[in-house]
Amino acid sequence: MATGMDETGRAEKAAVVTGDRMQIARRLCVYIIGLFIMAAGVAISINSGLGVSPINSLPYVLHYVTGMRLFVTVTAAFGFYVLLQLVLLRRNFKLKFLLELVFSTLFGFFVDFLATCLSPLTLPTYAGKLAMLAMAVFIVPLGLYLYLAPDIVPLPMEGLTIVLADKLHWPFSRMKILVDVASVAIGIALCFIFKGGQLAGIREGTIVLALTVGPVTGLYKKLLDKQVQPFCFGARGPEHKEPQPPDPKEHPDGAAPLPAQE
């Protein structure tokens, strides 16, 4: 009798482990698809020539100034953000934060690959460029929503923003605005120093994306949460996961904060 109960217990544990693994696999799948879609939107905004979003402005300016591939400059800029987190957190820095660098490297590869693949589809007129920017306005938030929904790890710029907000006791949304402005300002300064003031990647599209990504991400959240959350976290839905993805209304850029630092 006891043997039968032990076997039943082991079977139940095995089922739980298998279910957990499947949940992780589903979350990771949605996360990577989100990164890919967001990278496609970034690539379209790059090819439009009307500017990229603030989070990508510094990597693109580095690409423009140094001539290195986007994959390299995205990885380098995001790696610098991870290094700043290490400096700020010191002993509180956790190894899992290095996942930010792993996934940002993948994101950089996606952006580089897609910018090259989609370049033949660039529309030459200004009206065509505006149409491409409009596409990016809807594609970037879709990828952003899908990458945030599984609640795995933010990209390094958001991770740095979370750490700074925690250290300075500022609201995340306020700190995010400051970090975005600083990123764009550094990009502009580099253009003036190395390219005589000829800007690259920072134009009217940068402002448009900064103003629209958050609200459009919120729209996708309303439309897709009922399908995406149960897929990521099981049939019982998001109330059984932890922590919850943030409401983009609270974070204008749609970026997700990490749990509070221990």
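## The D225–K221 pair

D225 has a relative accessibility of 18% and therefore counts as buried, the cut-off being under 20%. This value, like the others here, comes from a predicted model. K221 is also buried, at a relative accessible area of 19%.

A salt bridge joins D225 to K221, with 3.0 Å between the closest N and O atoms. The two residues are four apart in helix α8, which covers residues 204–233, so about one helical turn separates them.

## K176 and its partners

K176 takes part in a salt bridge with E158, where the N to O distance is 3.0 Å. This pair links distant parts of the chain: E158 lies in helix α6 (residues 156–168) and K176 in helix α7 (residues 172–195), 18 residues apart. Both side-chain owners, E158 and K176, are buried.

K176 also forms a salt bridge with D180, the closest N and O atoms being 3.1 Å apart. Because D180 and K176 are four residues apart in helix α7, they are separated by about one helical turn. D180 is buried, as is K176.

## Network and total

Which residues do salt bridges with shared partners join into one network? They are E158, K176 and D180. K176 is bonded in this way to E158 and to D180.

How many salt bridges does a search of the whole structure find? The search finds five, among them the bridge between D225 and K221. In general, side chains of opposite charge can pair when their charged atoms come close.

Definitions and conventions
Residues are numbered from 1 along each chain as its sequence is written. This is a predicted model: local features need pLDDT of at least 70, side-chain atom pairs count only at pLDDT 80 or more; totals for chains, interfaces and linings use all residues. Side-chain values use heavy atoms; hydrogens and water are left out. A salt bridge is a side-chain nitrogen of Lys or Arg within 4 Å of a carboxyl oxygen of Asp or Glu. Buried means under 20% relative accessible area, exposed over 50%, partly exposed in between (1.4 Å probe, protein chains only).
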